[in-house]
Amino acid sequence: MDNIYLISDKPKVNLGLKQQINSDYEQIKYEELGLEKYILEKYNLDVSGKYGNLVTKNPFGKASGQLSSNISQIKTDAVDGLGFAVLKTVISQDENSESSMEAWKVKAPKMVVEEIVSERGERGYTVTWKGRGWDKSFEDYLELVAKSFDIYKETQMPVIPSVQYHLPNSEEDFRESEYRFTTKTLERVWNESSVDLPFIVEQDFSATLSGLKNTKEEILRWLREVPRLIDKYIDTDNKIIGVKLFNPSFDDDFQVEMVKTLNNNASDIVDTITCFNRLFDFNKEFEDKKGIAYGGYDLSDRNLRVLTKFIDEYGKKTFIPISATGNINSGKMMVEYALRGATSGQIHTFFQVPSESFRLHEGSRTKKALHELMFNPANGLVVTMLSLRNILGIKEEQVFRFLDIPELHRKVQLDKLK
Ligand SMILES: Cc1cc2nc3c(=O)[nH]c(=O)nc-3n(C[C@H](O)[C@H](O)[C@H](O)COP(=O)(O)O)c2cc1C
């Protein structure tokens with residue numbers, strides 16, 4: 001496969017800027033001013049991102065998963081500066097606590113962080129784990145949501161509940177009672193919290209759905225119906241509906257068709273699409289489980305390939321905003337996704353890589369990772385944006401916005417940036 005990545009490994013920035021970045025990498029100087037304001041003042045870069053229409057102070061969010069399953073993780077993320085956090089995915093249920101997707105409530109504390117070499121031979125990391133959704137009670141989840149809203153009130157870091165609703169096969173109907181009860185209950189918690197955020201739900205199409213081997217027609221039916229069923233049970237107009245798509249074991253063209261299906265059938269309902277959950281290896285075994293989700297460079301290769309194809313075919317029209325996920329291990333990777341339309345990125349694995357990957361030795365993993373994502377002199381967001389600004393011929397006096405990047409594909413041929 002041709003290398004899909006557009007940004008060179010050698011950033012094009014002048015010596016003075018290089019020295020500034022090196023010095024910002026070696027020592028934190030943004031504590032007083034705040035990270036984003038510091039970057040704006042010092043480099044004339046605005047690093048705000050967006051989840052749907054919601055502005056976030058930077059594009060880096062915590063992806064739904066084991067690292068957003070308890071309130072102390074959310075608090076650390078908020079205090080240490082993430083743009084937003086998506087809470088662990090809860091499995092929908094009806095008023096009698098019945099879930100047709102009960103099998104997704106798996107208790108599996110053990111996670112192993114492993115090196116993984118992609119098909120192209122690139123080394124990255126993957127987290128091996130055999131769990132699936134939230135494994136405690138729905139009431140416990142509601143408590144996490146309510147407490148996360150309190151953290152938002154203190155810190156302004158948006159928090160996003162995530163749900164996996166019932167997904168029927170072709171002979172079944174949707175269990176609407178689960179859509180109704182779960183959505184209405186989450187909205188009640190949101191109402192009671194009087195939080196100054198829209199009511200947000202991200203529907204997760206779990207990576208492990210691939211293991212069910214659904215047909216293409218079944219998957220497209222989910223995409224046509226699920227957003228409407230969620231929307232049907234939301235009362236407020238102040239809402240954001242996100243859909244996180246999985247990577248089924250079909251080819252790239254089908255994956256593009258999935259994104260188009262949402263755009264063609266649900267653009268009045270879906271406010272943002274998270275692209276795309278992890279790949280699935282049917283043969284890999286972990287403990288007693290066969291069939292394991294994985295990431296690394298195969299994941300970002302695939303996701304970027306599919307998004308490139310999507311914007312090539314669809315990009316002249318307006319499309320539902322994209323939030324990226326998949327091997328975002330640098331600011332440079334974030335920009336690769338932004339060049340394909342993404343306005344933010346959701347990260348899981350990079351928060352778990354060995355500590356030697358981080359320049360900072362103190363503080364939480366969130367803090368160390370964010371520092372790396374912003375200031376790494378070779379591939380951080382600051383150096384990558386400065387290099388891009390240079391290539392595009394934008395003057396240094398002009399503020400260059402991260403949110404300009406998702407629009408670039410409409411104005412320049414992306415290949416020219418190589
Ligand atoms: C251990 C683990 C648990 C996860 N659980 C969820 C989940 O509950 N809901 C979800 O939407 N995604 C889940 N994911 C997927 C992540 O949110 C993320 O989209 C994916 O791992 C790709 O990002 P990464 O390459 O940075 O890990 C999980 C990932 C891992 C590694």
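Let me start with a hairpin. Strands β12 and β13 form one with two residues between the strands, and in it E287 takes a positive phi near 50°. The two strands, β12 at residues 279-286 and β13 at residues 289-294, pair in the antiparallel sense over five bridges. One pair to look at is E285, which stands opposite K290 in β13. Before I go on, please keep in mind that this is a predicted model.

Now the barrel. Eight strands close into it, in the order β4-β5-β8-β9-β10-β11-β14-β15, and here the pairing is parallel. On average, neighbouring strands of this sheet are turned by 30° against each other, direction ignored. As a reminder, strands of a sheet pair through backbone hydrogen bonds, either parallel or antiparallel. The hairpin I opened with is antiparallel, whereas the barrel is parallel.

I will walk through part of the barrel, from β8 to β11. Strand β8, residues 159-164, pairs with strand β9, residues 199-204, over two bridges in the parallel sense. There, V163 stands opposite Q203 of β9. Next, β9 is joined to β10 by six bridges, and these two run parallel as well. V201 stands opposite I241 in β10. After that, β10 pairs with strand β11, residues 272-275, over three bridges, again parallel. The bridge partner of G242 in β11 is T272.

Is strand β10 largely enclosed or largely open? Five of the six residues of β10, which spans residues 239-244, are buried, so the strand is largely enclosed by the rest of the structure.

That brings me to the ligand. Which residues are closest to it? There are 20 residues around the ligand, and the closest are S64, K88, T89, N327 and T349. By class, this shell holds five nonpolar, ten polar and five charged residues. Three polar contacts are worth listing. An oxygen atom of the ligand sits 2.6 Å from a polar backbone atom of S64. With K244, the partner is an N or O atom in the side chain, 2.8 Å from a ligand oxygen. With T349, a side-chain N or O atom is 2.5 Å from an oxygen atom of the ligand. Taken on its own, the ligand has 600 Å² of accessible area, and the protein covers 96% of that.

Moving on to helix α9, residues 331-339. Why do I call it largely enclosed by the rest of the structure? Nine of its nine residues are buried, so that description follows. The buried residues include the charged side chains K332 and E336, along with M333, M334 and Y337. At the N-terminal end, S330 caps the helix, with a side-chain oxygen 3.3 Å from the backbone nitrogen of K332. After α9 comes G341, whose phi is positive, near 100°.

Last, two single residues. N169 has its place in the loop between β8 and α5, the latter being residues 176-193. N169 has a relative accessible area of 29%, so it is partly exposed, the class between 20% and 50%. N169 and I391 are 222 residues apart along the chain, and their C-alpha atoms are separated by 49 Å.

V113 is found in strand β6, residues 112-117. At 34% relative accessibility, V113 is also counted as partly exposed. The C-alpha atoms of V113 and V127 are separated by 4.5 Å, with the two positions 14 residues apart along the chain count.

Definitions and conventions:
Residues numbered from 1 in each chain as written. Predicted model: local features only at pLDDT ≥ 70, side-chain atom pairs only at ≥ 80, totals over all residues. Heavy atoms only, no water. Pairing = 2+ DSSP bridges. Helix = DSSP H or I, 4+ residues; strand = E, 2+ residues; numbered from the N terminus. Axes fitted to C-alpha atoms, helices over the stretch in contact; angles between N-to-C directions. Near = heavy atom within 4 Å. Polar contact = N/O pair within 3.5 Å; in protein donor to acceptor, adjacent residues only side chain to side chain. Areas by Shrake-Rupley, 256 points an atom, 1.4 Å probe, with all protein chains shown as cover. Buried < 20%, exposed > 50% of the residue type's maximum accessible area, 1.4 Å probe, protein only.
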